[in-house]
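Reader: I'm new to looking at protein models. Could you walk me through how to read one?

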Amino acid sequence: MAHLASRRTRALAVPVGLALTASIGFLPTATATAAPTGEQAAASVRTDGPKLSYVVNVRGGHSTVKDVKKAIAKAGGTVVIAYEQIGVIVVHSQNPAFGETIRRARGVESAGATRTNPIVPQATKDIGSIAEPLTAEQAAAAAADAKAGEDPLEPLQWSLPAIKADKAHQKSLGSKKVTVAVIDTGVDDTHPDLAPNFDERASANCVSGAPDTTAGSWRPAAGESDHGTHVAGTIAAAKNGAGVTGVAPGVKVSGIKVSNPDGFFYTEAVVCGFLWAAERGVEVTNNSYYTDPWLFNCKNDPDQGALVDALTRAVKYAERKGTVNVAAAGNSRHDLALDAIEDTTSPNDTEPVTRTIDPSACPDIPTMLPGVVTVSATGAKGLKSSYSNYGKGIIDVAAPGGDSTVYQTPEPPAVNGLILSTLPGGKFGYKAGTSMASPHVAGVVALIKSKHPYASPAAVKALLTVEADAKACGEPYDINGDGVIDAVCEGGKSYNGFYGAGVVDALDAVRW
């Protein structure tokens, strides 16, 4: 079996997995200095600290942004880009007191460092998104079992009939006028199953916080994670007589790369991703990650609160522009409805500390932001996946994300309890995680939007939940059969903490 995968990208190479949380040397915090004033301010600020990235969130429009930019310069900051639509400015600074100083500037609502490690990392680490490869024997057997109209690997995709996508495809494959943006580690648009449906116009590299549209900039570089390519295939792999089939194989998919070479999804990159998608009229975004370096971001912390503020603005703006944002719930087995959760993994870019947080005050972003469709994962038997986060009032819907074949064995001809999809270089492989559940939902949303092109995000989300197949909590949850209850599901059949409103239904999406 492959190594355990990071929770960062909501994916597991094997589904039993808690995250790898590799850490690198902690940088001591420099002593803050008094805010400089007057004409000599820019010359007197310190520049001997680590180079960090910040988001500065302002009140007001263009004139306020203009004034704050001047204050940023005086405080020793360099503007990377200003998103005036939402009042968020991305800044780099080596002044250890930059955050404290700029928060006092007129027009600034909040400001915070997006990381605890310098922009030039001290070490490279594996984010753990390793796929189980599809074997030649499995591929040959699947092709032999494929029915008329099925792609050759479709018999191995147990997740398609689990949400009735196979039946939906007999009615509609989705519209080419609908695009789903995969905000992730990058998408290999040269893959034969993705190339026919790839939307280059809506693709970019947002890692720096500013969009780079250089051709191919959205692809994962050699040695980088295959996570985004796998997610893209689940959404919209073409029904072309080869490979696998996506949930919505007739829609477009784009790649917005927001993960740096070390696998971190920092706030400025994610903000850029949402803004890029929104400005290009993208109908759906898929977000199978959490925003580094904090698994949970506490609003009462000056830095973490600013990150919540910036991303809340970005998500709301995208929705106002017509985008439905879908996100993975996470792979920590947490009940996100509890008022106390122990977080031992944050910050994950320096030295983690143990802290007890209240998710209502310290949300996982973007997953727990208002308006975002939050998705839990199920396995081949339809039960909550062993690793999936859950929580009544948090989970909106559920979808297949895979689980250990030992825990939830699929019906033949499928042979693996994980999710089969595309990998860079024209390959295919298996992954599991809420990362894999979220794109199933994004695909269903794309089918709904194809059927109802003028529906608002609120209307689309209403249809998604109304059309979902309600699923009760069922028997006490002992997924490994050891006699110990592994999670407690609260709520009734119509809505509960494991499955939300139920498992999404692709067939209803195309016929309602």
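Author: We'll go through this one feature at a time, starting with how far to trust it.

Reader: Okay, so how confident is the predictor in the chain, going by mean pLDDT?

Author: Keep in mind that this is a predicted model, so start with pLDDT, the predictor's own confidence in each residue. Here the chain has a mean pLDDT of 91, with 90% of its residues at 70 or more.

Reader: And where does pLDDT stay under 50?

Author: One such stretch is residues 1–7, for which the model still has 36 contacts beyond four places in sequence. Residues 122–129 also have a pLDDT below 50, and that stretch has 28 contacts beyond near neighbours in sequence.

Reader: Next, which residues does UniProt list for "active site"?

Author: With a record like this, look at who is named and then at where they sit in space. The UniProt entry, which is unreviewed, lists Asp184, His227 and Ser435. They are spread over 252 residues of sequence, yet they cluster in space, with a largest C-alpha distance of 10.1 Å.

Reader: Let's zoom in on one of them. Is Asp184 buried or exposed?

Author: For this, you compare the relative accessible area with a cut-off: buried means under 20%. Asp184 has a relative accessible area of 0%, so it is buried. You can find Asp184 in strand β6, which covers residues 179–184.

Reader: What does Asp184 contact, leaving aside its neighbours within four places in sequence?

Author: Its contacts include His227, Gly228, Val231, Ile256 and Phe265. Look at His227 in particular: the side chains of Asp184 and His227 make a polar contact at 2.7 Å.

Reader: Where is His227 found, then?

Author: His227 is in helix α7, residues 227–236. His227 counts as buried too, because its relative accessibility is 0%. So here a strand residue, Asp184, and a helix residue, His227, are joined by a side-chain polar contact.

Reader: Now give me a contrast. Is Tyr454 buried or exposed?

Author: Try the other end of the scale, where exposed means over 50%. Tyr454 is at 82% relative accessibility, so it counts as exposed. Tyr454 is in the loop between α10 (434–451) and α11 (457–467). Its C-alpha atom is 9.4 Å from that of Gly322, although the two are 132 residues apart along the chain.

Reader: So Tyr454 is in a loop and exposed. What about Asn496, buried or exposed?

Author: A loop position doesn't settle the matter, as you'll see. Asn496 lies in the loop between α11 and α12 (506–511), but it counts as buried because its relative accessible area is 0%. Among the residues Asn496 touches are Lys471, Cys473, Cys489 and Glu490. A polar atom of the Asn496 side chain also lies 2.9 Å from the backbone nitrogen of Tyr499.

Reader: Last topic, empty space. How many cavities of 30 Å³ or more are found?

Author: Here you ask about volume and about which residues form the walls. The search finds three cavities of that size, and the largest has a volume of about 40 Å³. Its lining includes Gln157, Gly233, Ile419 and His440, while α5, α7 and β15 (419–423) each supply at least two lining residues.

Reader: And what is the volume of the second largest pocket?

Author: That pocket is about 430 Å³. It is lined by 20 residues, with Lys147, Glu150, Glu154, Pro161 and Asp166 nearest its centre. The elements giving two or more residues to that lining are α5 (159–162) and α6 (165–168).

Definitions and conventions: Residues numbered from 1 in each chain as written. Predicted model: local features only at pLDDT ≥ 70, side-chain atom pairs only at ≥ 80, totals over all residues. Heavy atoms only, no water. UniProt positions renumbered as here; feature names shortened; annotations may be inferred. Helix = DSSP H or I, 4+ residues; strand = E, 2+ residues; numbered from the N terminus. Buried < 20%, exposed > 50% of the residue type's maximum accessible area, 1.4 Å probe, protein only. Contact = heavy atoms within 4.5 Å. Polar contact = N/O pair within 3.5 Å; in protein donor to acceptor, adjacent residues only side chain to side chain. pLDDT = per-residue confidence, 0-100. 1 Å grid on protein atoms, 1.4 Å probe; cavity = no way out; pocket = protein on both sides within 12 Å on 5 of 7 lines; lining within 4 Å. Points joined across faces, edges and corners; volume = space filled by probe spheres on them.
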